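Reader: Could you take me through a close look at one part of this protein, the charged side-chain pairs, and set them beside the nonpolar interior?

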Amino acid sequence: MPTDTRSTPPATAPRAKRDRNATTRHGEPRPRHRPPRQAASRLLAGSVLTVFVVFFVLPVIWLLLAATKTDQQLVHDNPLSFGSWHALKANWHALTAFQDDAVLTWLRNSALYAAVSLAITLCLAVPAGYALAMTEFRGRRALLIATLVVMLMPNATLVVPLFLEINAVHLIGTMWSVILPYSFYPFGVYLTYIYFATAVPKDLLAAARMDGCSEFGVFRHVALPLATPVIALVGFFSFVANWTNYFLPYVMLPDSDQMPVQVGVGSLLSNVPSFNPTVGDLAIQRPQLALATLVAITPVLVVFLFAQRFLVSGMLAGATKE
């Protein structure tokens, strides 16, 4: 009976051939060619990061370095070069000496306005969001729509109506003319409404009611402890909005000793010779203006660093259904 005497290649031959093709003659791995689509996506990502660095990171670096220079160094030296610690100290002394420590007064005013309005915001927005999420009443949908519309409106469009209302109760020029408009925060109400409507288990609240807990008790002992992440989120956004608001206190507070730091930094622009050549002895140099800007944004950065853990959990709150 004839037999097939043809030899079959070993089973490892194709693998050995692939291994030889994967390496060069000297044993080095051959470079793998990336697909065109993957290379294009990497190029696009690199371009986006480059644009981000140019438009966002470089100005911040320049601002940090500008505070360490004299006015001549800021104009003639390398924009991204470090000045000196002596120039930074001199700029700080010149800034704090402006109008008898006006910058420190502005910082205290901002802290007062932001802290008091934040406390009122949390006392109003969280219960309002809980009530909108857990109760059904006539006009609830219209109230939600009105809250959403006010939340989407630019702040500048509300300054004139707020001014007329505050003027009607004779509060113009007082700290309450800023604190009270700050305290009503529609975004906080809508955010807590979304959280309570989606993230808090309804069965847990129902069990508390069956155990004899009143509605206020359910809110205080069950819903409120579960809402810690979203409360931190509302508090952070409210604090940032209050601290960075410029137009409202600019209209409501005519005196310099009542201004928050954002309005105060804006007023410093009129005392920079490059923008106003007639300032005379009250001149503020550009490095000192850069230092004032850094001082104005430092509290927001500090609050963000300490609250970022709660911010991440609060942003993820309500992302899943029951």
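Author: What follows takes the salt bridges in turn and then moves to the nonpolar cores. The model is a predicted one, and a search of the whole structure finds three salt bridges in it.

In one of them, the side chains of Arg-286 and Asp-71 meet, with a distance of 3.0 Å from N to O. This pair links distant parts of the chain, since Arg-286 belongs to helix H15 while Asp-71 belongs to helix H3, residues 71-76, and the two positions lie 215 residues apart in numbering. Asp-71 has a relative accessible area of 17% and is therefore buried, because buried means under 20%. Arg-286, by contrast, is at 29% relative accessibility and so counts as partly exposed.

Another salt bridge joins Arg-140 to Glu-136, where the closest N and O atoms are 3.6 Å apart. Here the arginine is the buried partner, as Arg-140 has a relative accessible area of 15%, whereas Glu-136 counts as exposed at 69% relative accessibility.

The remaining salt bridge is formed by Arg-209 and Glu-215, whose closest N and O atoms are 2.9 Å apart. Arg-209 is partly exposed, with a relative accessible area of 33%, and Glu-215, at 37% relative accessibility, counts as partly exposed too.

Helix H15, which holds Arg-286 of the pair with Asp-71, also leads into the nonpolar interior. The largest nonpolar core has 28 residues, and those with the most contacts inside it are Leu-95, Phe-98, Trp-106, Trp-243, Val-261, Val-265 and Leu-268. At least two residues of this core are supplied by each of helix H2 (36-66), helix H5 (102-134), helix H12 (228-244), helix H14 (261-268) and helix H15 (286-316), and the largest share, eight residues, comes from H15.

Val-265 gives a local view of how parts of the chain come together: leaving aside residues up to four places away in sequence, Val-265 touches Trp-106, Leu-289, Ala-292, Thr-293 and Ala-296. Apart from the largest core lies another core, of 24 residues, which includes Leu-205, Ala-227, Leu-233 and Val-234.

Taken together, helix H15 carries Arg-286, the partner of Asp-71 in helix H3, and also gives the largest core its largest share of residues.

Notes. Residues are numbered from 1 along each chain as its sequence is written. This is a predicted model: local features need pLDDT of at least 70, side-chain atom pairs count only at pLDDT 80 or more; totals for chains, interfaces and linings use all residues. Side-chain values use heavy atoms; hydrogens and water are left out. A nonpolar core is a set of buried Ala, Val, Leu, Ile, Met, Phe, Trp, Tyr and Cys residues joined through side-chain atoms within 4.5 Å. Buried means under 20% relative accessible area, exposed over 50%, partly exposed in between (1.4 Å probe, protein chains only). Helices (H or I, at least four residues) and strands (E, at least two) are DSSP runs, numbered from the N terminus. Contact means heavy atoms within 4.5 Å. A salt bridge is a side-chain nitrogen of Lys or Arg within 4 Å of a carboxyl oxygen of Asp or Glu.
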